[in-house]
Amino acid sequence: MAVGESKKEVINNIINAANEGRLNDKVEVDDAVFTREERKRVLGKFVKHRRSLSYIYKNFIARRAVDIATDLINKDTEVIGLENIQGFKGGAIATSNHFHPFDTTIVRYGLKKAGRHKMFIVSQDTNLLMKGIFRFFTNYADTIPISPDKDYMNRHFHRTLNRLLVKKREVVLIYTEQEMWYNYRKPRTPKRGAYFYAAKFNVPVLSFFTEIIDIQNSGKEDAEFDNVKYRLHVLPLIYPDPNLNERDNSVLMMQKDYEQKKEAYEKAYGKKLDYKFEFGDIAGLKKSVYDNVVK
């Protein structure tokens, strides 16, 4: 669903999924769907195009545009806990709660504050077919498609992560909650994939949690949502244990990351984390819209 369209159906999907404990379910509507043949064709084209001069040129433009957008979107964003990653220069996998199409800029903003000016983003392969300007950025702004296609994952995805994390010592953002839940405040239970790769390539996890703060009467509200601003919590680095195997390491890192985000949520909002939905769980949502959805 495009930014700016009505979110009532999405809100209803979030409420139902949260109450039923389906914390990694897709709630957005109208996302692209691939057949097996379409997926192979789109991924093949993407992999081939990344070696072209055209890609290099468009990637340069996309990076500059994203840098500008990052500063504009986050002009009111506060970053706390920066000392946890200040001076860290190695390769790492970053994780954060996923609640908005632009929330990658919040993590990028925190990294820039720490002196890291480049970030790669793992994104679902269907996002390569997003509409309008979003399609340009999902194809050229340092994104790495993730896919159910095993051949692509075992060859191209694995090779790309190895090059970025180990050889170039870059930061790669992976959303462990799997799906975006629009303006949802709570950290959701993670999937293990990001931590598997952190353990496999022996790199730490940069753990982030974004707090969403309502701003009423800002003059920027729409019919369904008040405006919001962000506070990025930079949490302690999580390193693999050299005495554990890859699987045990990935499980332990996943548990530590979730616990850090849970603690950050409870400190930020002053209440225990549970997933029974209540008004306020979706930031900025107007009470009249909520009442209309749940009636």
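**Entry 1: helix α1**

I began with the length of helix α1, residues 8-19. At 1.5 Å a residue, its 12 residues should span 16 Å, and I found 17 Å between the end C-alpha atoms, so the two values agree. The model is a predicted one, and I kept that in mind for every value below.

I then looked up which residues of α1 are buried. The list reads V10, I11, I14, I15, A17 and A18. An α-helix has 3.6 residues a turn, so residues three or four places apart point the same way. What do the buried residues of α1 pack against? They pack against α9, residues 287-294. Just after α1 comes G21, for which I noted a positive phi of about 75°.

**Entry 2: W181**

I went to W181 next. W181 sits in the loop between β5 and α7. Its relative accessibility is 0%, so W181 counts as buried.

I listed the contacts of W181, leaving aside neighbours within four places in sequence. From α1 the list has I14, A17 and A18. The other residues in contact with W181 are R22, L23, D25, V27, H98, F99 and R188. I also took the C-alpha to C-alpha distance from W181 to E9: they are 12 Å apart in space and 172 residues apart in sequence.

**Entry 3: the nonpolar cores**

Nonpolar side chains tend to be buried together in soluble globular proteins. I looked up the cores of this model with that in mind.

The largest nonpolar core has 28 residues, and the members that touch the most others are I93, I144, F157, L161 and V172. Which elements each supply at least two residues of this core? They are α2 (36-49), β3 (120-124), α6 (150-167), α7 (193-200) and α8 (246-269). The most comes from α6, which gives 6 residues.

For F157 I pulled the contact list, again without neighbours within four places in sequence. F157 is in contact with V122, I144, P145, I146, Y152 and Y197.

Another core lies apart from the largest one. This other core has 26 residues, and W181, F225, L235 and L273 are among them. W181 is thus the residue of Entry 2, with 0% relative accessibility.

**Entry 4: strand β3 and its partners**

I checked whether β3 is enclosed or open. Of its 5 residues, 4 are buried, so β3 is largely enclosed by the rest of the structure.

Which strands does β3 pair with? With β5, residues 171-173, the pairing is parallel and has 2 bridges. I121 has L173 of β5 as its bridge partner. With β4, residues 143-146, β3 also runs parallel, and 4 bridges join the two strands. In that pair I found Q124 opposite I146 of β4.

I then followed the chain from β3 to β4. Together with helix α5, residues 133-140, these strands make a β-α-β unit, and the unit is right-handed.

**Entry 5: N59 and T160**

I looked up N59 as a polar residue within a helix. N59 has its place in helix α3, residues 53-73. Is N59 buried or exposed? At 9% relative accessibility, it counts as buried. The side chain of N59 makes a polar contact with the side chain of D142, at 2.9 Å. Leaving aside neighbours within four places in sequence, N59 is in contact with Y140 and D142.

T160 is in helix α6, the helix that gives the most to the largest core. At 14% relative accessibility, T160 counts as buried. Not counting residues up to four places away in sequence, T160 touches R50 and I144.

**Entry 6: positive phi outside glycine**

My last lookup was for backbone angles. Q178 has a positive phi, near 80°, and is a residue other than glycine. Q178 is found in the loop between β5 and α7. Its relative accessibility is 38%, so Q178 counts as partly exposed.

N202 is not a glycine either, and its phi is positive at about 55°. Where does N202 lie? N202 is in the loop between α7 and β6, residues 205-215. With a relative accessible area of 58%, N202 is exposed.

How values were computed: Residues are numbered from 1 along each chain as its sequence is written. This is a predicted model: local features need pLDDT of at least 70, side-chain atom pairs count only at pLDDT 80 or more; totals for chains, interfaces and linings use all residues. Side-chain values use heavy atoms; hydrogens and water are left out. A nonpolar core is a set of buried Ala, Val, Leu, Ile, Met, Phe, Trp, Tyr and Cys residues joined through side-chain atoms within 4.5 Å. Buried means under 20% relative accessible area, exposed over 50%, partly exposed in between (1.4 Å probe, protein chains only). Contact means heavy atoms within 4.5 Å. The expected span of a helix is 1.5 Å times one less than its number of residues. Two strands pair if DSSP finds at least two bridges between them. A crossover is right-handed if, with the strands pointing away from the viewer, the path from the first strand over the helix to the second runs clockwise. A polar contact is a pair of N or O atoms within 3.5 Å; within protein, one must be able to donate a hydrogen and the other to accept it, and residues adjacent in sequence count only if both atoms are side-chain atoms.
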